[in-house]
Amino acid sequence: MAIELAEEYLPYVDEQFSTESKKALVTNQDFSWAGAHTVKIYKVSTGTMNDYGRKGAVGENWSRYGNVQSLDATTQIMTLRNDRSFTFAIDALDAEETAGNLEAATALARQIRQVVIPEVDTYTFNQMCINAGNKPAAAALTKDNIYLEIIEANKVLDDAEVPETERQLIVTPDVYHLMKQCKDIVLETDIGADMRLRGVIGNLDGLSVMRVPASRLPKDFGFMVAHPCATVAPTKLESYKTHENPPGISGFLVEGRIVYDAFVMENKAKAIYYQAQPTDAK
C-alpha cells in the first residue's frame with residue numbers, strides 16, 4: 001500500500017524550507033515553472049535620449065525626436081537542471097524498537113532537514129557567487145578592514161541603482177566573528193522573531209545580516225551582498241511517499257523527489273556583490 005504524502009506532508013515541508021533554508025531571503029519566486037521545464041526571460045534594450053529639434057529634424061534625422069532606433073530583444077533561457085531523489089527502507093521491527101525515531105514521517109523530516117535543504121542551499125549560493133555581477137579581486141578579510149569592505153559593496157550596489165530595501169549581507173561564522181571584533185561595527189539587533197527564524201541576526205548599514213554555515217558556501221567565500229531580485233530559485237517538490245510492506249520489505253519504503261535550480265538573471269546580476277578571500281587566507 002502506497003501512502004501519498006504530497007498533500008498531507010508538504011505543508012510541513014514548505015515550513016521547513018522557509019525556516020531552515022538560508023536561501024529564501026536572497027532569492028525570489030517571480031516566475032512559475034508550473035507545467036513547464038524551461039522558462040525564457042526577455043531582455044529588451046532601451047533608447048537613447050536626444051535633443052529635440054524644435055525648429056526641425058537635425059542632420060540626417062527625419063524625426064524631430066532624433067534618430068529612430070530599433071530595440072533589441074534577447075532571451076535568457078532557464079531550464080531546470082536538478083532532478084534529485086532519495087529512497088530508504090525502514091524495517092518494521094526497527095521502527096517499533098526505537099520509540100518512533102525511525103517512524104517514516106520522522107525519518108523523512110530528518111532527510112529533508114539534514115540532506116535536501118543543505119544541498120539546495122549550497123547549490124543556490126554557489127550559482128550566485130559564480131554569476132555575481134560584481135566580483136572584486138580576492139582579499140583577505142580582517143577585523144580592521146571588514147567594515148570598509150562591506151560599505152564598499154553597499155556603495156557599488158547604490159551606484160548600480162539596486163533597490164535599497166531588502167538587501168542581504170551573507171557571512172560565514174568566521175567572518176561574523178571578525179565583525180564582532182571590529183570597533184567600527186555596531187549591529188542593530190532589534191530583529192523580529194520571524195526574521196531570526198529565517199537566519200537574520202542583525203542589521204548593518206541597511207543590510208540584513210545573515211549568518212550561513214560555511215559548509216553551504218564556496219571554500220573561498222568572504223561575504224556577499226545581494227538583493228533577492230537578482231536570483232530566481234524555483235523548487236518543485238514532486239512527490240514524497242511511503243509504501244507500507246512493499247514486496248520484499250517488512251516495514252516501510254520511503255521515496256522522495258525534488259526538482260530545483262537557481263538562476264541569476266543577466267540583466268540584474270549587478271544586484272549581487274561577491275567578495276572572495278584568497279584560499280590561503282582561510
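The overall make-up of the chain, its nonpolar cores, one hairpin, one loop proline and a surface patch are described below. The model is predicted.

The protein chain contains six helices and 13 strands. Of its 282 residues, 44% count as buried. The accessible surface comes to about 15,500 Å², and carbon and sulfur atoms account for 50% of that area. Among contacts between residues at least 6 apart in sequence, 79% join residues that are at least 24 apart.

The largest nonpolar core consists of 46 residues, and those with the most contacts inside it are Ile146, Leu169, Ile170, Met179, Phe223 and Met224. At least two residues of this core come from each of the helices H3 (104-130), H4 (146-159) and H5 (173-181), and likewise from each of the strands E5 (168-171), E6, E7, E8 (221-226) and E13 (272-276). Another core, of 17 residues, lies apart from it and includes Ala107, Leu108, Ile117 and Tyr260. With neighbours within four places in sequence left aside, Met224 is in contact with Phe125, Met128 and Cys129, with Gln168, Leu169 and Ile170, and with Ile272, Tyr273 and Tyr274.

Strands E6 and E7 (residues 207-211) pair in the antiparallel sense over four bridges. The two strands form a hairpin with two residues between them, and Asp205 in the turn has a positive phi of about 55°. Leu204 has Leu207 of E7 as its bridge partner. Strand E6 (residues 200-204) is largely enclosed by the rest of the structure, because four of its five residues are buried, that is, under 20% relative accessible area.

Pro234 occupies the loop between strand E9 (231-232) and strand E10 (235-244). This proline has a relative accessible area of 5% and is therefore buried. Outside its neighbours within four places in sequence, the contacts of Pro234 are Gln29, Trp33, Leu80, Val259, Tyr260, Asp261 and Phe263. One of these residues, Trp33, is 201 residues from Pro234 in sequence, yet the C-alpha to C-alpha separation of the pair is 7.3 Å. Tyr260, also a contact of Pro234, is among the residues of the 17-residue core.

On the surface, Tyr42, Val44 and Leu71 make a nonpolar patch of about 350 Å². Leu71 is located in the loop that runs between strand E2 (38-44) and strand E3 (73-79).

Conventions:
Residues numbered from 1 in each chain as written. Predicted model: local features only at pLDDT ≥ 70, side-chain atom pairs only at ≥ 80, totals over all residues. Heavy atoms only, no water. Patch = residues over 30% accessible without salt bridge, like charges linked within 9 Å, V, L, I, M, F, W, Y side chains within 5 Å. Areas by Shrake-Rupley, 256 points an atom, 1.4 Å probe, with all protein chains shown as cover. Salt bridge = Lys/Arg side-chain N within 4 Å of Asp/Glu carboxyl O. Buried < 20%, exposed > 50% of the residue type's maximum accessible area, 1.4 Å probe, protein only. Contact = heavy atoms within 4.5 Å. Pairing = 2+ DSSP bridges. Core = buried A, V, L, I, M, F, W, Y, C linked by side-chain atoms within 4.5 Å.
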